[in-house]
Structures are given as structure tokens and as C-alpha cells.
Amino acid sequence: MNPLRRLSRVALAFVLVALAGTAGYVILGFGLLDALYQTVTTITTVGFREVHPLTPAGQMFTMALILVGAGTVFYMFGVLLEALIEGHLRHHVERRRMDRRIERMRGHIIVCGWGRVGRSTAQYLRGLGKTIVAVDRDPEQLRDTDFPHIVGDVTDDSVLVAAGIDHAHALITALDNDADNVYVTLSSRALRADLVIVARARTEASKSKLLRAGANRAVNPQLIGGRRMAAFALQPNVAEFLDVVMHEDTLEYRIEEVVLAAQSPLAGRSLTDTDLRRTTGALLMALRTSDGRFIANPTDETQLDAGTILIALGTPAQLESLRSRAER
């Protein structure tokens, strides 16, 4: 049984015993206040003298009240102590278990700020099979989450270390304040030079500051949301297709990026020579060269150099086939 429910039932039993004791002493001729006082001192075993001399019937009633009342009081305190200790120990054990789980994580993603943006980001990443660690300074925000989490001020380096930043793949800072996001970005970049950092920007002016602070990307959710709404108004089918392909969990097709490794047999060859469409089934939609340029709908003569990012559409099996050829 839930300890709080047990405690409420024992408290109710204590009140009933006190009422019964008070009523009994009133019947024995005590005034109401004297009867309540005599009942409380009796069931708590304080041992003060009787308010009025007791008759044999009163003595028998008092002995029965001591046996029942004192037992109820001791049991109530026992349940209360158990609830306090059990709750504290359970929280401590759960916290230690979660800390050990986070320590063992590799390649996870840290989400700083557990508001609407942070929670939505984590849910989408979970749908892709990614491991998430949530961080927020407000324990109420994290109370009902089933994600591994850390309660603490993310601007403190020790909190980032506790979240496993040394072994994380990426960090997403989605705090409400741009200044805090800049600070977290600076701290995270100082701790991990190779960490992928995506920062939330509430204003366009903050994006450049976040990028200078070390973020790989700075994202304004309001701006992106507004542009998507405009796209749905003007080109609903194109917008819906891209939205479904990128975000719908049940769709078989995906758009993913694959980095071409230096040791890959594809490196240094043209698209005609690689024949990726026939051998993998994936459709190559665009390339991003090592100098950052995008090449949309590349021609057959386009050469694939090491470090090129392939942006392809396909089923999970097709994309995995492409990845195996590009990374081996």
C-alpha cells in the first residue's frame, strides 16, 4: 500500500480513538475539555496525574484506552518515519541509479532546458532511437519525465559534466533566455571542442552571437514556425511532403545525411562510376562539399571527394546500404 495512504488511515484511526476516549470520559462525568485532556495524556503515555479521581470503571476504561490508543500512536509514528525514510532512500537510490546510467552513456544528446522546445526536441530524437539526457534547474519541470535527467543550473560546468558532456554526441541548449544560451554554448565549447552544439535563439540578433560563442547552429523556433506556416499556405503539398519525410515516424522513407569517408571506395569517383541509385536504391538529392557549398540535384559527372556530405532520400535499408559504402 502507498505509504501516504497508510499514514492517512492511521491518522484517521488516531482521531477516532481520541474521539472515543473523550466521549468515554464525558460519560464518566468529566467536562469536555477535561475529557479531551485526559484522553490525550493517556494515549500519548505522558503520565500526568488524572484530572479527576477514577472509579473502578474509569480505571478499566483508561487501561483499555492505553492499550488501544498508545498502540495506535506508536504505529502512526512508525508509519510516518517509514514514509519519510523510504521516500528519501528511494529518491537517493533512484538518483544513484540514474547517475550511473548517465555515466555509462556514449554518443547521447544533452537537452538543456525542459520547456516546450526542449521536450519537443527530445521526443523527436527519441523517435529516431537517440539517447537523451535532460537538464533543467527547476525540479518541477522534470518531475514526471521518464528521460534520464539532471536537476541543476546548466550554466555550471559541473552540471554539464554530470550530464556526460565528455562522451556526448551533441548538446542542444533550449533555455528561455538568450544570454543563458550564449553562456551554456561558451561553457560547452570550452569543455568539448568537437561537440555538436545547437542553440535556441529567441531573436535574429542573437544568432550571430551564439555562432561566435561556438554553436554549430543557432535556431529561432518562432522564425522557422512562421516560415513553415507560410509554406503550407503557398505550397502545401511540397511543405507536407518535406514535413512528413523529416518528422513522421510511421513513414518508410527518410532524408538523411551521410559523410563520405576518406577510405571509402566512392571517394574520388564520379556519380556515374559509383552508380549509387542502382546499387543502394537511395536517391541522392544534394551534396555539401568540404568547403560548405551545396550542390542540389548533382549531375552524373559530379565527383565525390572525401568529406563530402551526401543528402539522400530512401528507406532505412537503402540509406544503410549507402552509409556502408560511404563510410567503410
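Mentor: Before we start, the bounds of a domain here come from an automatic or database domain assignment. Please also keep in mind that this is a predicted model.

Trainee: Thanks! Into which domains is the protein divided?
Mentor: Follow the chain from its start and you meet the domains in turn. The protein is divided into domain 1 (3–86), domain 2 (106–219) and domain 3 (252–327).

Trainee: How many Å apart are the C-alpha centres of domain 2 and domain 3?
Mentor: Domain 2 covers 106–219 and domain 3 covers 252–327. Taking the C-alpha centre of each, the separation between domain 2 and domain 3 is 30 Å.

Trainee: Let's look at the sheet with six strands. Which strands stand at its edges?
Mentor: This open sheet pairs in the parallel sense and runs in the order β3-β2-β1-β4-β5-β6. A strand with a single partner has one side left without a neighbour in the sheet, so the edges are held by β3 (149–151) and β6 (217–219).

Trainee: And by how many degrees are neighbouring strands of this sheet turned against each other on average?
Mentor: Keep to the order β3-β2-β1-β4-β5-β6 and step from strand to strand. With direction ignored, the average turn between neighbours is 15°.

Trainee: Which residue is the bridge partner of A199 in β6?
Mentor: Strand β5 takes in residues 196–200 and pairs with β6 in the parallel sense over three bridges. Within β6, the partner of A199 is A218.

Trainee: Now the helices. What angle does the direction of α7 make with that of β5?
Mentor: Helix α7 (residues 178–191) packs on the sheet and touches β1 (109–112), β4 (170–173) and β5. Angles run from 0 to 180 degrees between N-to-C directions, so a value close to 180 tells you that the two run in nearly opposite directions. For α7 and β5 the angle is about 175°.

Trainee: Which strands does α8 touch?
Mentor: Helix α8 (residues 204–213) also packs on the sheet, and its direction makes about 155° with that of β6. The strands touched by α8 are β5 and β6.

Trainee: Back to α7: which elements are among those that cover its buried residues?
Mentor: Buried residues of α7 include D178, N181, V184 and T185, along with S187, S188 and R189. The cover over them includes β1, α6 (157–162), β4, β5 and α8.

Trainee: Which residue's backbone nitrogen does a side-chain oxygen of N177 reach at the start of α7?
Mentor: Helix α7 has 14 residues and reaches 20 Å from its first C-alpha to its last. At its start, the side-chain oxygen of N177 comes to within 2.7 Å of the backbone nitrogen of A179.

Trainee: Two histidines caught my eye. Is H149 buried or exposed?
Mentor: H149 sits in strand β3, and its contacts beyond four places in sequence are R95, M98, I102, A134 and L142. Its side chain also reaches the backbone oxygen of F147 at 2.9 Å. Under 20% relative accessible area counts as buried, so at 13% H149 is buried.

Trainee: What is the relative accessible area of H167?
Mentor: H167 lies in the loop between α6 and β4. Residues touching H167, neighbours up to four places away aside, are M105, R106, G107, H108 and R192. H167 is partly exposed, with a relative accessible area of 37%.

Trainee: There is another sheet, with four strands. Which strands are at its edges?
Mentor: The order in this open, antiparallel sheet is β7-β12-β9-β10. An edge strand pairs on one side only, which here applies to β7 (254–259) and β10 (294–296).

Trainee: Which residue in β12 stands opposite R288?
Mentor: Strand β9 (residues 283–288) and strand β12 (residues 309–314) pair in the antiparallel sense over five bridges. Opposite R288 stands I309.

Trainee: What angle does the direction of α13 make with that of β7?
Mentor: Helix α13 (residues 316–327) packs on this sheet and touches β7 and β12. With the direction of β7, its own direction makes an angle of about 5°.

Trainee: One more: is N297 buried or exposed?
Mentor: N297 is in the loop between β10 and β11 (303–304), and its phi is near 45°, a positive value in a residue other than glycine. Over 50% relative accessible area counts as exposed, so at 63% N297 is exposed.

Conventions:
Residues numbered from 1 in each chain as written. Predicted model: local features only at pLDDT ≥ 70, side-chain atom pairs only at ≥ 80, totals over all residues. Heavy atoms only, no water. Pairing = 2+ DSSP bridges. Contact = heavy atoms within 4.5 Å. Expected span 1.5 Å × (residues − 1). Buried < 20%, exposed > 50% of the residue type's maximum accessible area, 1.4 Å probe, protein only. Polar contact = N/O pair within 3.5 Å; in protein donor to acceptor, adjacent residues only side chain to side chain.
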